[in-house]
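This report introduces a single protein chain to a reader who has not met it before. The sequence and the structure are shown first, and a description follows.

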Amino acid sequence: KALEFTASALSFISSLESTNESLSLMLLSKSMSDVTEALRFFVRAKEFGLPCAVSGMRKALSLIFSNEKSIQEHVLTAFSEVFLSVPGTSGKTLLEPKQIAHNLIVLCGESSMSERTSIEEALRQIVSKETIPNEVFLILWSVASKATGPARSAAMLVLSMASSADASIVDSSSRLRHLCESGFGSYVETRKD
């Protein structure tokens, strides 16, 4: 029985992975219902802890620039539900600030340049709606000032993206100086961040 269960589980995982590819193609559809159903799948996949939720959302983020306002809203809602909210709460309950900061650091740290443009726009819109708690930015500042390597770079990137919507994120001359030093200073020269 254990062998049968394992075989069926592997078959199910294989089916999900091939479905993920199809759903990624649905994001390119001209039909709004195809796009929204694909987004709903990625949100549901997050609820079950499937890795395709994050990879699918990264592909979907380019739709933030769609001409269709409703598609932009669906993408923003799905982004919030996958990266900021407790799974299964329909975006009503946010994750702990530390987890949100971690999710954003990982998302930006693993993204391509084109994905970063979409992430920045999504963050700009979410920050302007004041959805992300201020504690998240304090945690990001802490990571940016204490960590090294990719985590530090990603935290700085998230802070710079979010500050395009809310300048108070960089609310002091010391933080602005820290951003400049991090981006252009000797720390970068010696560590090649």
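## Overall architecture

Helices here are DSSP runs of type H or I with at least four residues, strands are E runs of at least two, and both are numbered from the N terminus. In this predicted model, the chain contains ten helices and zero strands. Read from the N terminus, the order of elements is α-α-α-α-α-α-α-α-α-α.

## Burial, contacts and surface

The chain has 193 residues, and 40% of them count as buried. Among contacts in the chain with a separation of 6 or more, 56% join residues that lie 24 or more positions apart.

The accessible surface of the chain amounts to about 10,900 Å². Carbon and sulfur atoms contribute 56% of that surface.

## The internal cavity

Rolling a probe the size of a water molecule over the atoms reveals where empty space remains. For this chain, the count is one cavity of 30 Å³ or more. The volume of the largest cavity is about 30 Å³.

Which residues line the largest cavity? The lining consists of V43, K46, E47, E81, V86, P87, G88, T89, S90 and G91. Helix 2, which spans residues 32-47, supplies the largest share of this lining, with three residues. By character, the lining residues of the largest cavity comprise three nonpolar, four polar and three charged.

Terms used:
Residues numbered from 1 in each chain as written. Predicted model: local features only at pLDDT ≥ 70, side-chain atom pairs only at ≥ 80, totals over all residues. Heavy atoms only, no water. Buried < 20%, exposed > 50% of the residue type's maximum accessible area, 1.4 Å probe, protein only. Contact = heavy atoms within 4.5 Å. Areas by Shrake-Rupley, 256 points an atom, 1.4 Å probe, with all protein chains shown as cover. 1 Å grid on protein atoms, 1.4 Å probe; cavity = no way out; pocket = protein on both sides within 12 Å on 5 of 7 lines; lining within 4 Å. Points joined across faces, edges and corners; volume = space filled by probe spheres on them. Nonpolar A, V, L, I, M, F, W, Y, C, P; charged D, E, K, R; others polar.
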